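Trainee: Got a minute to walk me through this one? I'd like to start with how the pieces pack.

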Amino acid sequence: MIIIAEKLNGAIPSCAKAIAARDEAYIKDMAVKQAESGAAFLDVHASVKDNELDVLKWMIDTVQSVTDCPIAVDSSDVNVIIEALPFCKRPGMFNSVNGSSHKIDAAFPILAKPEYSEWHVMALLEGENSIAKTAAERIEVFESIMSKAKQYGIADNRIHIDPLIEMLCTTDDEEGISMVLEIMRHIKTNYPKVHISGAISNISFNLPARKFVNQAFAAVAIQAGMDSAVMDPLSEDLRAVIYAAEAMAGLDDFCAEYMAAYREGIFGAKK
């Protein structure tokens, strides 16, 4: 699993407080903990209304002062992301684009440049003006994104597709988990090198004992092809379920990674 660590996000109250106070110690500590817990990317999202680029630069500089873990530059404003890319010392992730032509037409020419050829990109299956409601509509958005990626020479293995994981408690089965899994299977069957991603914790919003719902979703999503996730790498229980699910899906030869994780203490075992 490619882990995109989610904790450096101003939408999280504790992180918002640290951002407002310019608390470098908090940002550094969270960056190191997530990197040491197996993150492939550290998502950095200022989530502020004013001076977003300046705040993002401060966060990126602070993170890079303590870890070499690549950064996922996160903003709803595609132009802010583009302006923040030069702050990063090494290739990371552009988070994100969607089916909107103005976002893709702004982002993909940048990602096609030689200096950004190793950057990954998160793409949400949102339509031009709204969230697509059916699997067919989201797959149509996906195909449009892939057509543009091909046009700009962006390789499949640089693309992470978020099929839009929604709250389980507010959707019926047809519109919820079954649809998302159907989309995942379609992508993995037809574009095996494309990464399937998304925020695991979205599934459990407004439910009690959320960690169990998150773990269950991770297990079934991995079976459907999910190999990238925005998640909390500090949750050892979730990471343990991911290792087990990957072994069950035939993605871990001889359970080697599962056994290595056990020896490292992921499951509470002695190191």
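Mentor: Sure. Helix 2 (residues 24–36) lies across strand 1 (2–9) and strand 2 (41–45), and runs at about 165 degrees to strand 1. Contact means heavy atoms within 4.5 Å. Axes are lines fitted to C-alpha atoms, for helices over the stretch in contact, and angles run from 0 to 180 degrees between N-to-C directions. Helices (H or I, at least four residues) and strands (E, at least two) are DSSP runs, numbered from the N terminus.

Trainee: And what kind of model is this?

Mentor: A predicted one, where local features need pLDDT of at least 70 and side-chain atom pairs count only at pLDDT 80 or more, while totals for chains, interfaces and linings use all residues. Residues are numbered from 1 along each chain as its sequence is written, and side-chain values use heavy atoms, with hydrogens and water left out.

Trainee: Back to the strands, then. In what order do they sit in the sheet?

Mentor: The order is 7-6-5-4-3-2-1-8, an open sheet of eight strands with parallel pairing. Two strands pair if DSSP finds at least two bridges between them. Strand 7 (195–196) and strand 8 (228–231) each have a single partner strand, so one side of each has no neighbour in the sheet.

Trainee: How many bridges join strand 3 to strand 4?

Mentor: Three, between residues 71–74 and residues 93–97, with the two strands running parallel. A72 stands opposite M93 there.

Trainee: What about the nonpolar core?

Mentor: A nonpolar core here is a set of buried Ala, Val, Leu, Ile, Met, Phe, Trp, Tyr and Cys residues joined through side-chain atoms within 4.5 Å. Buried means under 20% relative accessible area, exposed over 50%, partly exposed in between (1.4 Å probe, protein chains only). The largest core has 76 residues, and V73, F94, F108, M184 and M226 touch the most other members. Helix 6 (residues 135–152) gives the largest share of this core, seven residues. There is also a second, separate core of 10 residues, with I4, F41, A72 and V230 among them.

Trainee: Which residues does V73 touch?

Mentor: Leaving out residues up to four places away in sequence, V73 touches a list including V44, L56, I60, F94, N95 and W119.

Trainee: N95 is an odd one in there. Is N95 buried or exposed?

Mentor: N95 counts as buried, at 7% relative accessibility, and lies in strand 4. Not counting residues up to four places away in sequence, N95 touches D43, V73, D74, S75, I81 and M122. The N95 side chain also makes a polar contact of 3.2 Å with the side chain of D74. A polar contact is a pair of N or O atoms within 3.5 Å; within protein, one must be able to donate a hydrogen and the other to accept it, and residues adjacent in sequence count only if both atoms are side-chain atoms.

Trainee: What kind of peptide bond joins N95 and S96?

Mentor: A cis one, with omega about 20 degrees. S96 is in strand 4 too.

Trainee: Moving along the chain, where is N98?

Mentor: In the loop between strand 4 and helix 5 (101–111). N98 is buried, with a relative accessible area of 9%. Its side chain is in a 2.8 Å polar contact with the side chain of E126, and a polar atom of that N98 side chain lies 2.8 Å from the backbone nitrogen of S100.

Trainee: Any backbone oddities in other loops?

Mentor: Two with positive phi that aren't glycine. R22 has phi near 50 degrees and sits in the loop between helix 1 (13–20) and helix 2; R22 is partly exposed at 39% relative accessibility. N51 has phi of about 55 degrees, in the loop between strand 2 and helix 3 (52–64), and N51 is exposed with a relative accessible area of 55%.

Trainee: Last topic, cysteines. How many disulfides does the structure hold?

Mentor: Zero, where a disulfide is a pair of cysteine sulfur atoms within 2.5 Å.

Trainee: Why is there no bond from C69 to C88?

Mentor: Because the C69 sulfur is 11 Å from the one in C88, the closest cysteine sulfur, which is too far for a bond. C69 is buried at 8% relative accessible area, whereas C169 is partly exposed at 39%.
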